[in-house]
Amino acid sequence: MWRNSVSFSSKLISSANPNKGNSLKTSYLFLPSIFNVNQSYAIGDLLSRSQFYSAAAGTTTSSVADSLKPDSNRVFGSAVVNPTSLAALSASKYRDVIDLAKHYGPCYFELSKARLSMLVVATSGTGYILGSGNAIDYLGLCCTCAGTMMVAASANTLNQVYEINNDSKMKRTRNRPLPSGRLTVPHAITWAACAGIGGTALLASKANMLAASLAASNLILYAFVYTPLKQVHPINTWVGAVVGAIPPLLGWAAAAGEVSLNAMILPAALYFWQIPHFMALAYLCRKDYADGGFRMFSLADASGHRTAMVALRNCLYLLPLGYLAYDWGITSGWFCLESTILALAISGTALSFYLNRTTDSARKMFRASLLYLPVFMSGLLLHRLPLSEQNYQAVENSHEEIKLSSSSELLVDETENVNGQNKVKNRTIGGRPPVAYASVAPFPFLPAPAYVPQ
């Protein structure tokens, strides 16, 4: 019975493929040796139907054995995917991504002036820690640093967009991405816009609007005031010093939500520090700045006397900052000593430059300025007092002034008792005049004046 059924299937397959008789005979002889009767009948029927439909569609099958072989290239019907081609395509795309990263990564790094931007981030982060009080919000610190980095990168990029022609004339800057043609100006502007808007939005959402406003205003001041002013007037150095002093305020505002008098120590240090730093740089790069068309202070000072004097004067301004930080209760007394030694050291290099205006002495002052700032900020962080100790220190520092004010009031009271002026006595004891209140807060260093009504 099964022989007849298989023979019928074989004939049907032979009719569909008349040229493949030999292979069908091999398949016919192979089937009974493996399958039982019912399986043979089912497989024969299945083969006959598949070959019949293949013939009707205009396709041919080499053999029953070939139809049973798995084909790695036949996926989802007639769609053919070659694994070798797919792997080659993936590798090609991977190489393209790597090449793009290698090209644009250094370009963005140079456009952002990443090393300078990281210094800005360090000052902002220090301001954040100083304004945090007893507890530091590390997530807020990271978001503040990230937002500051993005805004600084945007400002530096816009600076290079504006100065593309000047940079192409200077040996120090001619290989930057824009003068060298590695990036186009629209590409750089797009990068600056995305970084600036993103950084400001991050500060507004994760810190507060005061910090975001300081960041946005500093970007505008740097890119649209300081940068054009470099080609107009030497005062650009002082405007740039203001720009550099704002990031610590930004960090303090992000942590504390306000800007107080204690927040001014680090910005003041940055302002006075930048003057000798850039004076030394301008003296060392006078030829480059002249070729680029920048109006730096040192270009109008052929002897370098005025340049050295300005640098020395601003170094001396750094001397009282350590004492003020201690007196205002921000740091311990150790920072006062360390800050004074640092200020004397950088002032010594400035004095050497003033006495001997050479490239070597200018370079020593420049290197001293590079060392001063990180050591100063490290000292601030190391010796800073918690908020409770800051309040205690402030109370202790004003204790002597309050005692002086009290003794002055007692002297007035005794004078009134001797003269028998009870009315004056009642006025003195019952309520002090407004100027006496002002002598205690917010100006504790002013003694209370003797208030004797006529």
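Two residues are said to be in contact when heavy atoms of one lie within 4.5 Å of heavy atoms of the other. With that meaning in hand, and leaving aside neighbours within four places in sequence, T237 is in contact with I275, F278, M279 and M296. The structure discussed here is a predicted model, and the report moves from the whole protein to its largest pocket and then to a few chosen residues.

## The protein as a whole

The secondary structure of the protein comes to 21 helices, while the number of strands is 0. Of the 454 residues in the protein, 39% are buried. The protein exposes about 25,000 Å², and carbon and sulfur atoms supply 64% of that area. When contacts between residues at least 6 apart in sequence are taken together, 71% of them join residues at least 24 apart.

## The largest pocket

Rolling a probe the size of a water molecule over the atoms shows where empty space is left. The largest pocket of this model has a volume of about 1,300 Å³. It is lined by 47 residues, of which K113, L116, N156, Y222 and F278 are the closest to its centre. By type, the residues of the lining divide into 26 nonpolar, 13 polar and 8 charged.

Which helices each supply at least two residues of the lining of the largest pocket? They are α5 (83-111), α6 (114-130), α7 (138-162), α11, α12 (236-256), α13 (265-284) and α18 (359-383). The largest share, 8 residues, comes from α12.

## Four residues in their surroundings

The table gives the place and the relative accessibility of four residues, which the paragraphs after it take up in turn.

| Residue | Place | Relative accessibility |
|---|---|---|
| T227 | helix α11 | 0% |
| T237 | helix α12 | 7% |
| R176 | loop between α8 and α9 | 17% |
| T359 | helix α18 | 39% |

T227 is found in helix α11, which covers residues 209-229, and because its relative accessibility is 0%, it counts as buried. The side chain of T227 reaches the backbone oxygen of Y222 at 2.8 Å. Not counting residues up to four places away in sequence, T227 touches N159, Y162, E163 and Y222. Y222 is also among the residues closest to the centre of the largest pocket.

T237 lies in helix α12, the helix with the largest share of the pocket lining. Is T237 buried or exposed? With a relative accessibility of 7%, T237 counts as buried. One of its contacts is F278, a residue that is itself among the closest to the centre of the largest pocket. T237 and F297 are 60 residues apart in sequence, yet in space their C-alpha atoms are 7.8 Å apart.

R176 has its place in the loop between α8 (164-169) and α9 (177-180). Its relative accessible area is 17%, and R176 is therefore buried, since the cut-off for that class is under 20%. Leaving out residues up to four places away in sequence, R176 touches E110, K113, Q160, D167 and R182; of these, K113 is also listed among the residues closest to the centre of the largest pocket.

T359 is placed in helix α18, and at 39% relative accessibility it counts as partly exposed, because that class lies between the limits of 20% and 50%. Beyond residues up to four places away in sequence, T359 touches Y283 and L284. The C-alpha atoms of T359 and A280 are separated by 9.0 Å, although the two residues are 79 residues apart along the chain.

Methods:
Residues numbered from 1 in each chain as written. Predicted model: local features only at pLDDT ≥ 70, side-chain atom pairs only at ≥ 80, totals over all residues. Heavy atoms only, no water. Helix = DSSP H or I, 4+ residues; strand = E, 2+ residues; numbered from the N terminus. Buried < 20%, exposed > 50% of the residue type's maximum accessible area, 1.4 Å probe, protein only. Polar contact = N/O pair within 3.5 Å; in protein donor to acceptor, adjacent residues only side chain to side chain. 1 Å grid on protein atoms, 1.4 Å probe; cavity = no way out; pocket = protein on both sides within 12 Å on 5 of 7 lines; lining within 4 Å. Points joined across faces, edges and corners; volume = space filled by probe spheres on them. Nonpolar A, V, L, I, M, F, W, Y, C, P; charged D, E, K, R; others polar. Areas by Shrake-Rupley, 256 points an atom, 1.4 Å probe, with all protein chains shown as cover.
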